[in-house]
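Hi everyone, thanks for making time for this. I'd like to walk you through one protein structure, a few spots at a time, so have it open on your screen.

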Amino acid sequence: MTVRRLAKLAAAAAVVVVIAVATLVAIRLLGGKTGGAVLVVNAPADVVARGKYLAEAADCAACHSAPGGAPYAGGLAMQSGFGTIYATNITPDPDNGIGRWNADDFWRALHDGIRRDGRQLYPAMPYTSYRGMTRADADAIYAHVMQLRPMKVANRRTELDFPYDIRLGMMGWNLLFLTDTIPAASTGSSAAWRRGRYLVDVLGHCGECHTPRGILGQMELSQPLAGFALGRVAAPDITPAGLASRGWTAASLRTYLSRGIASRGSAFGDMHQVIVLSTRNLTAEDNDAVVTYLLGDRPPPTAPLPAADPAVLEAAANGAGRTNYVALCAGCHGLDGNLSARLDEIAVGVAERDRTAERR
């Protein structure tokens, strides 16, 4: 076969590929659903209640509610290295929200990152994590969201730099980076570990902030939960080794997730929203599961905290440091700084009481 003939075959193959891609794009764009009937979802009360719990575990309100705005009505500005993305309205409003979406449309957005009109979503909506969600859980969340009060709040247009503002480019991005599962950040096989993995990696989508990202914004899945500076505050390493190196124990993690205050730290910034809107609403069993997954079935030994310099402690106790502490910190941590440790003890006792009550 001559070189000229090979060149012709290659050119023909390229034309076929271009035509196929163009056809796919045309079908996607022209077949997008923009009209349709306004839907009313009458789901059983237990399904709606379960959907509410799952939506809280998935932290939907944190991103889909702007400061001072209506819950789930969108508008929150999310900064990225490629521009600003605004969270959308997901109330049942038919014109601005998802009032014309059916359960299949909702599932497609969560699982594939595709809107009802066929256009690609940007991964600021964490379908990259939600892809692992079960259909039953997605349907329950849909049933709950469709019971919310419709809010006529218009969506804001994304403000991404060229060429990132071309949504079709997400088709290629998904081919490269969208996976069905996220590698585990710890080791385990117990039922609690498996449940915790689902809560952390899928519903809670913790890796979206705590996993390093590559040059194209993809999660570096070879380093799950190893920490990354994505927003205003750096999300720390929450692998078992990372947590143990900073003195976190199972008891302190349980307290932190349920109250936002523990002996090893307090929640602030974006994490404060996660605690208030999501993790504090978890059941005691799910809280335990999250902790089990974060530390693994066999948690590593906790590193002791370094001893403080006695001279520094003396100066702080008798000088301006003490005054500032009492004025700014004692309200949460106690006059002697031991309130968080006491909360850990109380949390352990409450969790044990809840387990005893469940067994009865």
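Okay, I'll begin with the overall picture and then go to some particular places.

First thing to keep in mind: this is a predicted model. The protein contains 17 helices and five strands. It has 360 residues, and 39% of them count as buried. Now take the contacts between residues at least 6 apart in sequence: 63% of those join residues at least 24 apart.

Let's go to helix H4, residues 103–112. Which of its residues are buried? They are Asp105, Phe106, Trp107, Ala109, Leu110 and His111. If you wonder how to read a list like that, remember that an α-helix has 3.6 residues a turn, so residues three or four places apart point the same way. Among the elements that cover the buried residues of H4 are H5 and helix H6, which is 135–145.

Look at the two ends of H4 as well. At its start, a side-chain oxygen of Asn102 comes to within 2.9 Å of the backbone nitrogen of Asp104. Just after the helix sits Gly113, with a positive phi of about 70 degrees.

Next, helix H5, residues 127–130, where you'll find Thr128. Thr128 is buried, at 10% relative accessible area. Its side chain makes a polar contact of 2.7 Å with the side chain of Glu208. Leaving out residues up to four places away in sequence, Thr128 touches Pro123, Trp173, Leu178, Thr179, Ile182, Glu208 and Met219. Hold on to Ile182 and Met219, please.

Here's why I asked: now we look for empty space inside. Rolling a probe the size of a water molecule over the atoms shows where empty space is left. How many cavities of 30 Å³ or more does the count give? One. The largest cavity has a volume of about 40 Å³. Its lining is made of Ile182, Val200, Asp201, Gly207, Thr211, Met219, Leu221, Pro224 and Leu225. So there are Ile182 and Met219 again, and both of them touch Thr128. Sorted by class, that lining has six nonpolar, two polar and one charged residues.

One of those lining residues, Leu225, deserves a second look. You'll find Leu225 in the loop between helix H9 (207–210) and helix H10 (240–245). Its phi is near 65 degrees, which is positive even though Leu225 isn't a glycine. And is Leu225 buried or exposed? Buried, at 2% relative accessibility.

A bit of background on that: most residues other than glycine have a negative phi, and most peptide bonds are trans. Tyr72 is another non-glycine residue with a positive phi, about 70 degrees. Tyr72 is in the loop between H3 and strand S1, residues 77–80, and counts as buried at 9% relative accessibility. Then there's the peptide bond from Phe162 to Pro163, which is cis, with omega near 5 degrees. Pro163 lies in the loop between S3 and helix H7, residues 169–177.

While we're on prolines, find Pro150, in the loop between H6 and strand S3, residues 159–160. Pro150 is partly exposed, at 44% relative accessible area. Setting aside neighbours within four places in sequence, Pro150 contacts Thr91, Pro92 and Asp93. Pro150 and Asn96 are 54 residues apart in sequence, yet their C-alphas are 9.1 Å apart in space.

Back to empty space, but open this time. The second largest pocket has a volume of about 1200 Å³. Of the 45 residues lining it, the closest to its centre are Thr88, Trp101, Arg115, Leu121 and Asn155. Helix H3 (60–64), strand S2 (83–86), H4 and H6 each give at least two residues to that lining. By class, the lining comes to 23 nonpolar, ten polar and twelve charged residues.

Last stop: cysteines. A disulfide is a covalent bond between the sulfur atoms of two cysteines. How many disulfides does the structure hold? Zero. Why is Cys60 without one? Its closest cysteine sulfur, in Cys63, is 8.8 Å away, so that's too far for a bond. Cys63 isn't in a disulfide either, and its nearest cysteine sulfur, in Cys209, is 7.7 Å away. As for accessibility, Cys60 is buried at 11%, whereas Cys63 is partly exposed at 27%.

That's my tour, so over to you for questions.

Key
Residues are numbered from 1 along each chain as its sequence is written. This is a predicted model: local features need pLDDT of at least 70, side-chain atom pairs count only at pLDDT 80 or more; totals for chains, interfaces and linings use all residues. Side-chain values use heavy atoms; hydrogens and water are left out. On a 1 Å grid over the protein atoms alone, a cavity is a set of points where a 1.4 Å probe fits but cannot get out, and a pocket is an open set with protein on both sides within 12 Å along at least five of seven lines; lining residues have an atom within 4 Å of a point. Grid points are joined across faces, edges and corners, and a volume is the space filled by probe spheres set on the points. Ala, Val, Leu, Ile, Met, Phe, Trp, Tyr, Cys and Pro count as nonpolar, Asp, Glu, Lys and Arg as charged, and the others, Gly among them, as polar. A disulfide is a pair of cysteine sulfur atoms within 2.5 Å. Buried means under 20% relative accessible area, exposed over 50%, partly exposed in between (1.4 Å probe, protein chains only). Helices (H or I, at least four residues) and strands (E, at least two) are DSSP runs, numbered from the N terminus. A polar contact is a pair of N or O atoms within 3.5 Å; within protein, one must be able to donate a hydrogen and the other to accept it, and residues adjacent in sequence count only if both atoms are side-chain atoms. Contact means heavy atoms within 4.5 Å.
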